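Please work through the exercises below with the sequence and the coordinates at hand, and try each task before reading its solution.

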Amino acid sequence: MSDNLIEIRDLSFAYGRKLVLKGINLTAHRGQVIAIMGNSGCGKTTLLRLIGGALKPTSGSLLVDGVDIGRLDQDALYRLRRRMGMLFQFGALFTDMSVFENVAFQLREHTDLPEEMIRDLVFMKLNAVGLRGAHELMPSELSGGMARRVALARSIALDPMLIIYDEPFAGLDPISLGVTGNLIRRLTDTLGMTSIVVTHDVQESLKMVDYVYFVSEGVIVAQGTPAEIKASDLPYVHQFVHGEENGPVPFHYPAPDYALDLGLAA
Amino acid sequence: MIEALIENVRGIGRRTIDRVWRMGVAAHFFVLVFLHSGPSFRRFHLIIREIFSAGVLSLIIILVSGLFVGMVLGLQGYETLQTYGAEESLGVLVSLSLVRELGPVVAALLFASRAGSAITAEIGLMKATEQIAAMEMMAVDPIARVVAPRFWGAVISMPLLAALFSAMGVLGGYLVGVVLIGVDAGSFWSQMQAAVDFKEDVLNGVIKSVVFGVAITIIALFEGYDAPPTAEGVSRATTRTVVTSSLAILGLDFVLTAFMFRGV
């Protein structure tokens, strides 16, 4: 068994003719929490969807647990996905089911476990995210942070080897933010999983990840441990980590001369 | 001028190709739903849930409309029949109009606006809130888990609702014709019994309502599944479901009637 759960080599991806990812190389060791950062529209969600097998690479290889996910047929992909979890940006809980049924969903779909065992497993997963007491609530009764935690409990229902998180911190208050960050770290360690976190929340993610990749305009522009990233003097990383308005990523969308647009040009 | 004309012609061509393309995609979707129906029959409680939300929840509107349509038929029918001294045949008029035409068609139109729109909105919103994508990521096929049970639930509900609509209509006709106006109850029922043929009338009505049920449901499911994942996209898809399936019902009704009552 290779030490690398995910190995991406020279991966490119295009929507039609528009090249979104260009020659990505990325490795995730087992047991690590990896962050993929970058500004909006840089291609990081596309990268996530490629890892999940929702999209197929245009070129290059993407190995998940030694299997090239781009070459799998639907049955093989679904078999692999049973060992993967994904946390969507706003949880994507099934709104017609209670919290309990949401977490039980995969157990019911993929196993023949007796009802008592499903109940115990669901309570264990809900307890891990601190929401055992909320099992009877409907998703509409949950706050954003709670919904995210239920979704997390749902994605670990089958003890996956890998969880991918799409913007797990978006729209959370500071308390929920810290709670979610800690949970990701703790669950990864205790369940022996690997986590890939796509985020632009620098401060929260640098506290808990093992390694960071920065994506900008479809290429990886920087990578390193959180300490290396904080100390980096690359202009893009510096702008991103410190949230500066101007730098390699300009504030202004490309436009003709301002004076010209206002009709002030001589 | 010429360019504008060419551009217009191009636009018509583009839209036509788009429509035809979409019909192809919808047909493919229909086949997929059939192929993935196995699991929903093995877990029949999934279908029962959908029979509840599409069928049982549509009961009120179907029953009340049926009653009123029957009452109006009673009034109008009596008016006309009376001029020929044939008011005893009111039962025949009411029951045949309902069983052959109004039952299946009006129930289907109501079903399209009540249940069809709900199905489209639900599936469209499930897609917009990434629930469908989440299901795929959990290695659960959404066509088998979400779409197929809704399809069968609605297709099973439709003929039952049409039958209830007709039954309520007959009751409405009886209330107005016999109880209110005073047509003889004996001839009302016996003429009805003699004139309504099980195969020619009842069975053909059932066949119609099954066909309408399939058409409405597949349009509703496809529009929802195909809706752009935005508020505007879902609202447009819901409107399209009601419009397209209403037109489909009326068009199919003509075709089916032409085939069924050819020799009569």
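What follows is a set of exercises, each with a worked solution.

This is a predicted model, in which local features need pLDDT of at least 70 and side-chain atom pairs count only at pLDDT 80 or more, while totals for chains, interfaces and linings use all residues. Residues are numbered from 1 along each chain as its sequence is written, and chains are lettered from A and ligands numbered from 1 in the order in which they are written.

**Exercise 1. Confidence and overall form**

Task: State the confidence of the model for chain A and chain B, and then describe the overall form of chain A.

Solution. Begin with pLDDT, the predictor's confidence in each residue, from 0 to 100. Its mean is 86 for chain A, where 98% of the residues reach 70 or more, and 92 for chain B, where 99% do so. Among the elements of chain A, the lowest mean, 78, belongs to H9(A) and the highest, 92, to H3(A). For the model as a whole, the scores are ipTM 0.82 and pTM 0.85.

Next, count the elements: chain A has 10 helices and 10 strands, where helices (H or I, at least four residues) and strands (E, at least two) are DSSP runs numbered from the N terminus. The radius of gyration of chain A, taken over C-alpha atoms, is 20 Å, close to the 18 Å that the globule rule (2.2 Å times the number of residues to the power 0.38) gives for 266 residues, so chain A is as compact as a globular protein of that length. Along its principal axes, the C-alpha trace of chain A spans about 80 × 40 × 35 Å.

Finally, turn to burial and contacts. A residue is buried if 20 or more other C-beta atoms, placed from the backbone, lie within 10 Å of its own, exposed if 12 or fewer do, and partly exposed in between; buried residues make up 38% of the 266 residues in chain A. Two residues are in contact if their C-beta atoms, placed from the backbone, lie within 7 Å, and of the contacts in chain A with a separation of 6 or more, 63% are between residues 24 or more positions apart.

**Exercise 2. The six-stranded sheet**

Task: Give the strand order of the open sheet with 6 strands in chain A, and then examine the surroundings of strand E3 of chain A.

Solution. The order is E6-E7-E8-E3-E9-E10, with mixed pairing, two strands being paired if DSSP finds at least two bridges between them. Strand E6 (84–87) and strand E10 (219–224) of chain A stand at the edges with a single partner strand each, so one side of each is left without a neighbour in the sheet. From one strand to the next, the twist averages 15°.

Now consider E3 (residues 33–37) of chain A, which pairs in the parallel sense with E8 (residues 194–199) of chain A over 5 bridges. Within E8(A), A:Ser195 is the bridge partner of A:Val33, and A:Ile196 is that of A:Ile34. E3(A) also runs parallel to E9(A), to which 4 bridges join it, and there A:Tyr213 is the bridge partner of A:Ile36.

Both faces of E3(A) are covered, with A:Val33, A:Ala35 and A:Met37 buried on one side and A:Ile34 and A:Ile36 buried on the other.

Last, add a helix: H9 (residues 235–242) of chain A lies across E3, E9 (211–216) and E10 of chain A, at about 105° to E9(A), where axes are lines fitted to C-alpha atoms, for helices over the stretch in contact, and angles run from 0 to 180 degrees between N-to-C directions.

**Exercise 3. Three glutamates**

Task: Determine whether A:Glu167 is buried or exposed, and treat A:Glu217 and A:Glu204 likewise.

Solution. A:Glu167 lies in the loop between E7 and helix H6 (174–191) of chain A and, with 21 C-beta neighbours inside 10 Å, counts as buried. A:Glu217, in the loop between E9 and E10 of chain A, has 17 such neighbours and therefore counts as partly exposed.

Most residues other than glycine have a negative phi. A:Glu167, however, has a positive phi of about 50°, and A:Glu217 has a positive phi of about 45°.

A:Glu204, found in helix H7 (residues 202–208) of chain A, is buried, with 21 other C-beta atoms within 10 Å. Not counting residues up to four places away in sequence, A:Glu204 touches A:Phe169, A:Leu177 and A:Gly181.
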